[in-house]
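Biologist: Please take a close look at the sheet in this model. I would like to know how its strands are ordered and what else involves them.

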Amino acid sequence: MALKIIMLYLPIIFMVFSCVENHIYIHLHPDQQTYFKFESRGDSSDVFDQDFLHPKNILGWNSLSKMVKKGSENNWYLITEGILKDTSRVFFYIDKAPLGYSFKKNITKSWISTKYDFKLIFSGRRIKTEYPRLYEAILSEKLDSLNWLPEALTILMHKGLEDLDRDSLIPEQSLWNKRLVNHMKNSFARMTQIEDLEYIQGNREQFLTDLLKPFNVNKDLPANLAKHMEKHEQILKASMDLNDDSFLIKILMPGQIISTNATSTKKDTLIWNFGLDSLLSDAYILRARSIVYAIDRMQKTLISVGILLLLLIGNWLIKRS
């Protein structure tokens with residue numbers, strides 16, 4: 001699928017998406033350790049981009065990449081695996097360009113059982129609330145940039161201004177920012193040709209300078225605004241790069257599963273399948289709970305209770321005789 005994505009402070013990119021399959025295998029061991037294996041496969045430019053990253057810099061974990069030729073195509077595999085002893089771990093944070101995700105495990109022990117609670121949390125990209133036109137375009141698969149980009153550029157400017165003035169957002173400053181954003185919105189709304197957006201890309205700073213000239217702003221504002229918008233642009237671009245990524249998660253837990261929101265199950269394996277559509281709003285949380293019964297303790301408890309009941313009954317019979 002060819003898609004033109006034009007960002008105000010990013011190069012014009014003509015992107016041909018190739019599907020990247022991301023597989024994650026997780027095994028919760030009864031001894032409180034957790035085994036992880038991350039495997040991504042696809043074109044090298046997509047496997048090694050910044051939209052979804054494997055965990056790194058974890059002591060004892062290993063990572064390798066290899067190329068497998070299939071016909072005329074070269075498929076790349078990136079594999080990372082290791083043991084995690086922590087009960088919780090944030091692999092990547094929510095406010096960064098790569099997809100953020102974290103792991104949580106809770107173990108509750110009683111005399112006759114041990115319960116395991118598992119969560120794998122993928123941070124939502126907030127496209128639905130922050131970029132509603134883009135959200136509609138993704139769902140409808142009508143990704144003509146002229147339909148959603150003007151709104152996206154306006155929102156990016158708003159975010160950049162908020163970051164720029166975060167320490168001085170007095171009511172007057174907030175009102176001033178709204179005027180600038182509204183002016184930007186009206187200017188973008190008048191753009192009806194791809195050439196208009198190409199001009200912005202080729203003349204970034206000059207475009208902002210001319211656009212904001214009626215407001216007599218500080219001459220450094222266009223350059224500073226570009227710098228503060230960069231983080232948000234990278235997050236949006238990384239979100240778009242996830243468009244044709246697919247995720248397959250398989251979890252193996254101790255004992256019997258008593259609750260889960262897994263897409264499907266295969267014997268004792270829990271399976272989740274999802275893509276960008278599950279990440280467009282808030283967090284996507286994979287949940288599961290299992291239980292391991294201490295059979296020996298249960299048997300001992302039942303025997304002890306049985307003996308106690310027999311003693312009580314015998315004592316009662318003796319008193320009645």
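Modeller: What follows goes through the sheet, then a pocket beside some of its strands, and then a pair of helices. The model is predicted. The sheet is open and has 7 strands, in the order β5-β6-β4-β3-β10-β13-β12. The pairing of these strands is mixed. At the edges stand β5 and β12 (264-266). Each of these two has a single partner strand, so one side of each lacks a neighbour in the sheet. From one strand to the next, the twist averages 20°.

Within that order, strand β3 (residues 20-28) is paired with strand β10 (residues 245-252). The two run in the parallel sense, with 8 bridges between them. One of the residues involved is Tyr25, whose bridge partner in β10 is Lys250.

The edge strand β5 (62-70) also takes part in the lining of the largest pocket, as does β6 (73-84), and each supplies at least two residues. The space in this pocket is about 220 Å³. Its lining consists of 16 residues, and those nearest the centre are His54, Pro55, Lys56, Ser63 and Thr80. By class, the lining has 8 nonpolar, 6 polar and 2 charged residues.

Now the helices. The axes of α4 (residues 145-164) and α8 (residues 221-241) come within 8 Å and cross at roughly 115°. The crossing is right-handed. Among the residues making the contact are Ala152, Leu156 and Met157 of α4, and Leu225, His228 and Met229 of α8. The residues of this contact divide into 9 nonpolar, 4 polar and 4 charged.

Methods: Residues numbered from 1 in each chain as written. Predicted model: local features only at pLDDT ≥ 70, side-chain atom pairs only at ≥ 80, totals over all residues. Heavy atoms only, no water. 1 Å grid on protein atoms, 1.4 Å probe; cavity = no way out; pocket = protein on both sides within 12 Å on 5 of 7 lines; lining within 4 Å. Points joined across faces, edges and corners; volume = space filled by probe spheres on them. Helix = DSSP H or I, 4+ residues; strand = E, 2+ residues; numbered from the N terminus. Nonpolar A, V, L, I, M, F, W, Y, C, P; charged D, E, K, R; others polar. Axes fitted to C-alpha atoms, helices over the stretch in contact; angles between N-to-C directions. Left-handed = near helix turned anticlockwise from the far one by under 90°. Contact = heavy atoms within 4.5 Å. Pairing = 2+ DSSP bridges.
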